[in-house]
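Hi everyone, thanks for coming. Let me put the structure up on the screen, and then I'll walk you through it.

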Amino acid sequence: MTARNPDAVKHTASPDVGAVMVDRRNGKAGVVMGHVGPYVQLRPPRGGREWDVPPEDVRPPTPAEVLSAKVAVANRRWGR
């Protein structure tokens with residue numbers, strides 16, 4: 001049995017599609033692509049495969065994480 005993250009915040013609403021969120025389980029930031037069943041689907045900012053996250057395991061990003069995600073998107077746009 002796996003214990004839940006003790007500092008996880010219970011969400012009453014799922015994050016909006018297009019929002020940047022962080023998966024508490026692995027610290028990875030992703031863009032909300034949708035909601036399937038009880039899960040939030042995140043995709044890396046640079047693109048790639050989506051992954052499912054229980055809504056209680058997503059959190060808003062810090063300002064540094066937002067900047068990092070934006071830089072990743074810009075780098076992809078410029079081929080870096």
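Which strands do the buried residues of α1 pack against? They pack against β1 (20-23) and β5 (58-59). Helices here are DSSP runs of H or I with at least four residues, strands are runs of E with at least two, and both are numbered from the N terminus.

A quick word on the source: this is a predicted model, where local features need pLDDT of at least 70, side-chain atom pairs count only at pLDDT 80 or more, and totals for chains, interfaces and linings use all residues. Residues are numbered from 1 along each chain as its sequence is written, and side-chain values use heavy atoms, with hydrogens and water left out.

Let's stay with the helix. In α1, the buried residues (under 20% relative accessible area, with a 1.4 Å probe and protein chains only) are Glu65, Ala69 and Ala72. Looking down the axis of α1, these buried residues fall within an arc of 60 degrees, taken from the directions from the helix axis to the C-beta atoms, so they line one face of the helix. On the other side of α1 you'll find Pro63, Ala64, Leu67, Lys70 and Arg77, which are exposed (over 50%). Just after α1, Gly79 has a positive phi of about 75 degrees.

Now to the strands. β2 (residues 29-36) and β3 (residues 39-43) run antiparallel and are joined by five bridges; two strands pair if DSSP finds at least two bridges between them. They form a hairpin with two residues between them, and Gly37 in the turn has a positive phi of about 60 degrees. Within this pairing, His35 has Val40 of β3 as its bridge partner. On to the next pair: three bridges link β3 with β4 (residues 51-53), again in the antiparallel sense. There, Leu42 has Trp51 of β4 as its bridge partner.

Please keep an eye on Trp51. The charged end of Lys28 sits over its ring, 4.8 Å from the centre; that label needs NZ of Lys or CZ of Arg within 6 Å of the ring centre and within 35 degrees of the ring normal.

Last stop: is Asp23 buried or exposed? Asp23, which lies in strand β1, is buried, with a relative accessible area of 0%. Leaving aside neighbours within four places in sequence, Asp23 is in contact (heavy atoms within 4.5 Å) with Lys28, Leu42, Trp51, Val53 and Asp57. Thanks for listening!
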